[in-house]
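Student: I've got a structure up on the screen and a pile of terms to go with it. Can we go through what they rest on?

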Amino acid sequence: MPSLNGRAAIVGIGQTEFSKDSGRSELQLCAEAVRAAIGDAGLQPPDVDGSVTFTLDPNDELDVMRSVGIREMRWTSRTPFGGGGASATIEHAAAAVVSGAADVVVVYRAFNERSGRRFGQPMSGPRPPAMDWYLPYGLDTPAKAYALWFQRYMDKYGVSNEDFGRYSVVARRHAATNPNAWYFERPITLEEHQSSRWIVEPILRLLDCCQESDGGVALVVTGVDRAKDLRRPLVTIEAATQGNTMLGETIFNYYHSDISRFPEAEYTAAQLWRTTGLRPDDIDVAMIYENFSPIVFYQLEAYGFCGPGEARDFIAGGNIELGGTLPVNTNGGLLGEGYIHGVNNIVEGVRQLRGDAANQVKGAERVLCTAGRSAVVLGRG
Amino acid sequence: MPHAVAPTVDHDDEFFWNGVKEGRLLARRCAGCQRLAHPPSPMCPQCGAVEWEVLELSGRGSLHSWIFSRHPSEPDDAARIVALVELDEGIRLVSNLCGIEVDAVKNGMRLEVVFAEIDGVALPQFRPSGVED
């Protein structure tokens with residue numbers, strides 16, 4: 001059966017600065033990131049004939065074309081499920097170029113998520129009827145919705161908020177040496193984590209939560225043959241897939257039989273390992289979507305980097321740090337670098353494979369970029 | 001009193017909220033294959049039927065997970081416990097847990113439904129089994 005694996009490549013990356021108040025429109029952030037990514041690839045805007053973004057992205061495809069100078073596009077698509085679909089954007093782009101539906105696809109995500117609409121605030125205004133099962137009871141923010149899932153994990157394995165804090169400390173340590181990170185040169189201690197205020201007691205403190213950021217990022221995807229002729233070191237899309245399950249929900253997991261696990265991530269992982277023949281040991285860097293620190297624990301276990309309930313010891317043992325067995329979120333992640341809905345983590349994955357990341361993992365050949373419900377493995381061509 | 005957002009009742013959940021107003025906890029059961037579902041969906045994923053029966057639940061179950069909900073940026077909003085309840089009929093329901101101090105909450109504890117009007121909205125709530133009014 002035909003496969004996407006290894007037949008498309010990421011040939012350009014672009015971004016704006018990550019801030020708390022960009023001072024410009026979301027469309028401008030988007031246009032700046034897209035144009036930078038096209039330029040990074042050594043291409044011109046008219047070379048682009050496809051785009052992919054999130055269903056949640058505010059930037060209309062035609063507005064982006066008009067702003068950047070993309071003349072004609074024959075492929076557009078958008079991925080559902082917010083940040084969970086972050087890596088699915090790369091799957092969409094690869095599907096387009098491998099099938100011939102498009103030749104050069106730009107993936108973009110740009111917003112003023114701090115100075116404009118803040119996702120973390122209590123829900124108000126129009127909402128889908130499905131929220132009837134949650135909002136009347138006060139479950140009105142992503143932090144609360146996720147925490148009700150995480151509590152079961154904590155209780156089952158005896159994991160404490162302090163254990164979660166050990167991830168946050170690593171993320172901020174990585175951000176501290178990444179000039180691109182909002183928290184550059186601002187590491188935290190576990191004591192600082194433990195004295196930050198509760199957001200959802202007894203699960204999440206402030207320093208377990210991702211940032212709210214203004215900014216834009218973009219990536220350019222094309223077929224691997226054309227990619228070899230372009231100017232940047234080859235970064236191949238070794239595999240890309242999604243994990244959507246019948247009993248799943250967009251931002252929580254209440255109805256699977258065992259909610260101390262993450263079935264969507266397990267399904268995604270199984271497909272990546274099966275279709276590539278790779279094993280967890282083959283991954284040199286893992287970029288793991290973390291709107292909240294506990295989701296890193298679930299994903300480390302779902303991918304088989306450690307067993308169920310073992311993420312606490314895996315993290316405490318230093319494995320996920322620079323120099324560890326599996327450096328995780330080497331840019332500082334969404335807690336430390338910025339929250340561009342997970343797509344900035346894919347940009348970091350590309351940098352690691354090009355060999356020019358701020359916190360470069362020497363000789364990195366394969367990077368996993370997982371957003372829980374979607375994931376890619378990138379390789380050095 | 002906590003702030004309660006009223007449900008936006010539609011075709012698929014109207015039966016539930018009508019039941020709550022009458023002090024009954026209801027779920028939909030497929031008329032074709034008897035599969036019990038919560039949250040309800042308009043078509044049975046097991047047999048494809050779109051006909052449903054309404055089943056009155058026992059209102060008994062156990063605590064599956066919980067959070068103490070106290071919004072940091074809205075300190076005037078009274079705190080409450082949000083609970084994921086595993087009902088004895090084998091389905092899970094998000095609700096609130098009342099009649100207990102936070103320190104005493106334990107996963108697996110037995111619960112029973114009570115009905116209350118919170119901020120003008122009729123809602124099912126749960127309390128530890130055997131607690132008298």
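Tutor: Sure, here are a few questions on chain B, one term after another.

Tutor: Keep in mind that this is a predicted model.

Student: What secondary structure elements are there in chain B?

Tutor: One helix and eight strands. Starting from the N terminus, the order is α-β-β-β-β-β-β-β-β.

Student: How do you know that β1 and β2 of chain B are joined?

Tutor: Two strands count as paired if there are at least two bridges between them. Strand β1(B), residues 26–30, has two bridges to β2(B), so the pair meets that cut-off. The two run antiparallel. For a bridge to look up, take B:Arg28: its partner in β2(B) is B:Ala37.

Student: Which strands of chain B make up the open sheet, and in what order?

Tutor: Three of them, in the order β2-β1-β3, with antiparallel pairing.

Student: And what makes β2 and β3 of chain B edge strands?

Tutor: Each pairs on one side only. In chain B, β2 covers 36–37 and β3 covers 52–56.

Student: Why does the radius of gyration of chain B agree with a compact globule?

Tutor: For 133 residues, a compact globule would come out near 14 Å; chain B has 16 Å, so the two agree. As for the C-alpha trace of chain B, the spans along its principal axes are about 45 × 30 × 25 Å.

Student: What share of chain B is buried, and what does "buried" take?

Tutor: A residue needs 20 or more other C-beta atoms within 10 Å of its own. Buried residues are 30% of the 133 in chain B.

How values were computed: Residues are numbered from 1 along each chain as its sequence is written. Chains are lettered from A and ligands numbered from 1 in the order in which they are written. This is a predicted model: local features need pLDDT of at least 70, side-chain atom pairs count only at pLDDT 80 or more; totals for chains, interfaces and linings use all residues. Helices (H or I, at least four residues) and strands (E, at least two) are DSSP runs, numbered from the N terminus. The radius of gyration is taken over C-alpha atoms; the globule rule is 2.2 Å times the number of residues to the power 0.38. A residue is buried if 20 or more other C-beta atoms lie within 10 Å of its own, exposed if 12 or fewer, and partly exposed in between; C-beta atoms are placed from the backbone.
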